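These are comments on the model, set out as numbered points. They go from the overall layout to single residues and back to the packing.

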Amino acid sequence: MELNTFESPPVALTIPEAARRLAVSPMTIRRLLESGALSRVAIGRSVRVLASSVDELAARGGVQHGR
């Protein structure tokens with residue numbers, strides 16, 4: 001009997017994965033992390049971007065710059 005496997009969406013993304021998801025460069029993701037527009041989590045020496053923060057940023061329509 002073959003079991004159906006359900007794979008949930010990732011909770012945290014690598015910087016390149018987050019960049020692909022938003023169709024931007026990895027440098028843009030790093031800048032968004034530095035500015036606080038995206039949330040990060042450290043796992044050992046690796047940095048991951050919280051997928052929920054990527055989704056929220058997209059839902060907001062991006063980052064609002066004050067002028």
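1. Strands here are DSSP runs of E with at least two residues, and helices are runs of H or I with at least four, both numbered from the N terminus. On that basis Ser46 belongs to strand β3, which covers residues 46-50. The model is a predicted one.

2. Overall layout. The protein chain holds three helices and three strands. Their order along the sequence is β-α-α-β-β-α. The chain has 67 residues, and 21% of them count as buried. Among contacts in the chain with a separation of 6 or more, 43% join residues 24 or more positions apart.

3. The sheet. The three strands make an open sheet with antiparallel pairing, in the order β1-β3-β2. β1 and β2 are at the edges with a single partner strand each, so each has one side without a neighbour in the sheet. Two bridges link β3 to β1 (residues 12-13), in the antiparallel sense. Four bridges link β3 to β2 (residues 40-43), again in the antiparallel sense.

4. Strand register. On the β1 side, Val49 of β3 has Leu13 opposite. On the β2 side, the residue opposite Ser46 of β3 is Ile43. The hairpin of β2 and β3 has two residues between its strands, and Gly44 in that hairpin adopts a positive phi near 65°. As general background, side chains in a regular strand alternate between the two faces of the sheet.

5. Ser46. Is this residue buried, exposed or partly exposed? The relative accessibility of Ser46 is 31%. Buried requires under 20% and exposed over 50%, so Ser46 counts as partly exposed. The C-alpha atoms of Ser46 and Thr14 are 8.6 Å apart, while the two residues are 32 positions apart in sequence.

6. Nonpolar core. Which residues have the most contacts inside the largest nonpolar core? They are Ala18, Ile29, Leu32, Leu33, Leu38, Val49 and Val54, in a core of 13 residues. Two or more residues of this core come from each of α1 (15-22), α2 (26-35) and α3 (51-60). Nonpolar side chains tend to be buried together in soluble globular proteins.

7. Ala18. Once neighbours within four places in sequence are set aside, the contacts of Ala18 are Leu13, Ile29, Val49 and Val54. Of these, Val49 is the residue that stands opposite Leu13 in the pairing of strands. Ile29, Val49 and Val54 are also listed with Ala18 among the core residues with the most contacts.

8. Packing of α1 on α2. How do the axes of these two helices cross? The axes of α1 and α2 approach within 8 Å, with a crossing angle of roughly 100°. An angle of 65 to 115 degrees counts as roughly perpendicular, so α1 is roughly perpendicular to α2. On the α1 side the contact is made by Ile15, Ala18, Ala19 and Leu22, and on the α2 side by Pro26, Ile29, Arg30 and Leu33. By class, seven of these residues are nonpolar, none is polar and one is charged.

9. Helix against sheet. α3 lies across β1 and β3, and runs at about 45° to β3. α3 is also one of the elements that give two or more residues to the largest nonpolar core.

How values were computed: Residues numbered from 1 in each chain as written. Predicted model: local features only at pLDDT ≥ 70, side-chain atom pairs only at ≥ 80, totals over all residues. Heavy atoms only, no water. Buried < 20%, exposed > 50% of the residue type's maximum accessible area, 1.4 Å probe, protein only. Pairing = 2+ DSSP bridges. Core = buried A, V, L, I, M, F, W, Y, C linked by side-chain atoms within 4.5 Å. Contact = heavy atoms within 4.5 Å. Axes fitted to C-alpha atoms, helices over the stretch in contact; angles between N-to-C directions. Parallel < 35°, antiparallel > 145°, perpendicular 65-115°, else oblique. Nonpolar A, V, L, I, M, F, W, Y, C, P; charged D, E, K, R; others polar.
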